[in-house]
Amino acid sequence: MGITMDRRSIIVALACWPFARLHAEEDVSRPRYKISAGQLHKALATRFPMRFGSEGLLAIEISAPSLHLLPARNMLGAGLLAEIKGVQMRQPQWAELDLGFALRYEPADQTIRAHQPELLALQRKGLPPDAQDLFKAMLPVMAREAVGEVVLHRFSASELALADTMGFEPEKLTVVEDGLVLSFAPKQGR
């Protein structure tokens, strides 16, 4: 019975081999579009510098960001430097912020967008306690205003034409070490 079972297993494995190979290659044969880290940084940097504050009390200027690709979390990150000036401060103070963003494809205008900013880290250098509290209270609003939803890439008709002709549409965004990959999937009947 052992030899018969082995033969059956081999026959089943051989019969399934073409389907297993086809299934394994299915994702590889789908179209993909890659956006480089340089393109992402350029799109993000166009939003800066930004200025916020309370009239006469506190002024904050946020400088152009550094880009952080976070593949483990499938997020895009930005490192921001904030210069803080206020009535009670003799010299400007600095804070470093690290924000993370979720990513989405917007079919209405064929764009890739960073949205839902999340504070990942905050380092304040030498701020008085009152200014720290005010800065911390203003931070969520500033993050939403500064980078709320950023268009990172706008597709031209020609960039999506081949995938569209093949019957595919944008499906999934994946952050990789050197950029962002948009994967396509077969169009859903609509």
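**Figure 1. The β5-β6 hairpin in the predicted model.** Strand β5 covers residues 75-86 and strand β6 covers residues 93-106; the two run antiparallel, with nine bridges between them. To get from β5 to β6, the chain goes through a hairpin connection of six residues. If you want a spot to start counting registers, pick Gly-79, which sits opposite Asp-98 of β6.

**Figure 2. The three-stranded sheet, ordered β1-β10-β9.** This one is an open sheet, and its pairing is antiparallel. At its edges you'll find β1 (32-36) and β9 (168-176), each with pairing on one side only. Going from strand to neighbouring strand, the average turn is 20 degrees, with direction ignored. Five bridges hold the antiparallel pair made by β1 and β10, the latter being residues 179-186. Zoom in on Ser-36 and you'll see its bridge partner in β10, Gly-179.

**Figure 3. Helices α2 and α4 packed on that sheet.** Let's start with α2, which touches β1 and β10. The direction of α2 makes about 60 degrees with that of β1. Then there's α4, residues 157-165, which packs on the sheet with contacts to β1, β9 and β10. Taken against β9, the direction of α4 comes out at about 120 degrees.

**Figure 4. The end of α2 and the cis bond at Pro-49.** Ala-45 belongs to helix α2, and that helix spans 37-45. How buried or exposed is Ala-45? With a relative accessible area of 22%, Ala-45 counts as partly exposed, because buried would need a value under 20%. The C-alpha atom of Ala-45 lies 9.0 Å from that of Leu-67, a residue 22 positions away along the chain. Now follow the chain into the loop between α2 and β2 (50-54), where Pro-49 is found. The peptide bond joining Phe-48 and Pro-49 is cis, with omega at about 5 degrees. That's worth a second look, because most peptide bonds are trans.

**Figure 5. Ile-62 and its neighbour Phe-48.** Ile-62 is part of strand β3, which takes in residues 58-62. Its relative accessible area is just 1%, so Ile-62 is buried. Phe-48 is 14 residues away along the chain, yet the C-alpha atoms of Phe-48 and Ile-62 are separated by 7.0 Å. Phe-48 is also one half of the cis peptide bond, the other half being Pro-49.

**Figure 6. Two glutamines with positive phi, Gln-110 and Gln-116.** Most residues other than glycine have a negative phi, so what are the values here? For Gln-110, phi is about 55 degrees. For Gln-116, phi is near 50 degrees. Where do Gln-110 and Gln-116 sit? Gln-110 is in the loop between β6 and β7 (111-125), while Gln-116 is within strand β7 itself. As for exposure, Gln-110 is partly exposed with a relative accessible area of 30%. Gln-116 has 55%, and since over 50% counts as exposed, Gln-116 is exposed.

**Figure 7. The largest pocket and what lines it.** There's about 230 Å³ of space in the largest pocket. Thirteen may be a lot to label, but of the 13 lining residues the closest to the centre are Tyr-105, Gln-110, Leu-160, Glu-169 and Pro-170. Gln-110 is the residue already met in Figure 6 for its positive phi. Which elements give two or more residues to the lining? They are α4 and β9. Helix α4 provides the largest share, four residues. By chemical type, the lining splits into eight nonpolar residues, one polar and four charged.

**Figure 8. The whole chain, for orientation.** Stepping back from the close-ups, the chain has four helices and ten strands. Read from the N terminus, the elements go α-β-α-β-β-β-β-β-β-α-β-α-β-β. The chain has 190 residues, of which 35% are buried. What percentage of the contacts with a separation of 6 or more comes from residues 24 or more positions apart? It's 56%.

Technical notes:
Residues are numbered from 1 along each chain as its sequence is written. This is a predicted model: local features need pLDDT of at least 70, side-chain atom pairs count only at pLDDT 80 or more; totals for chains, interfaces and linings use all residues. Side-chain values use heavy atoms; hydrogens and water are left out. Two strands pair if DSSP finds at least two bridges between them. Buried means under 20% relative accessible area, exposed over 50%, partly exposed in between (1.4 Å probe, protein chains only). Axes are lines fitted to C-alpha atoms, for helices over the stretch in contact, and angles run from 0 to 180 degrees between N-to-C directions. Contact means heavy atoms within 4.5 Å. On a 1 Å grid over the protein atoms alone, a cavity is a set of points where a 1.4 Å probe fits but cannot get out, and a pocket is an open set with protein on both sides within 12 Å along at least five of seven lines; lining residues have an atom within 4 Å of a point. Grid points are joined across faces, edges and corners, and a volume is the space filled by probe spheres set on the points. Ala, Val, Leu, Ile, Met, Phe, Trp, Tyr, Cys and Pro count as nonpolar, Asp, Glu, Lys and Arg as charged, and the others, Gly among them, as polar.
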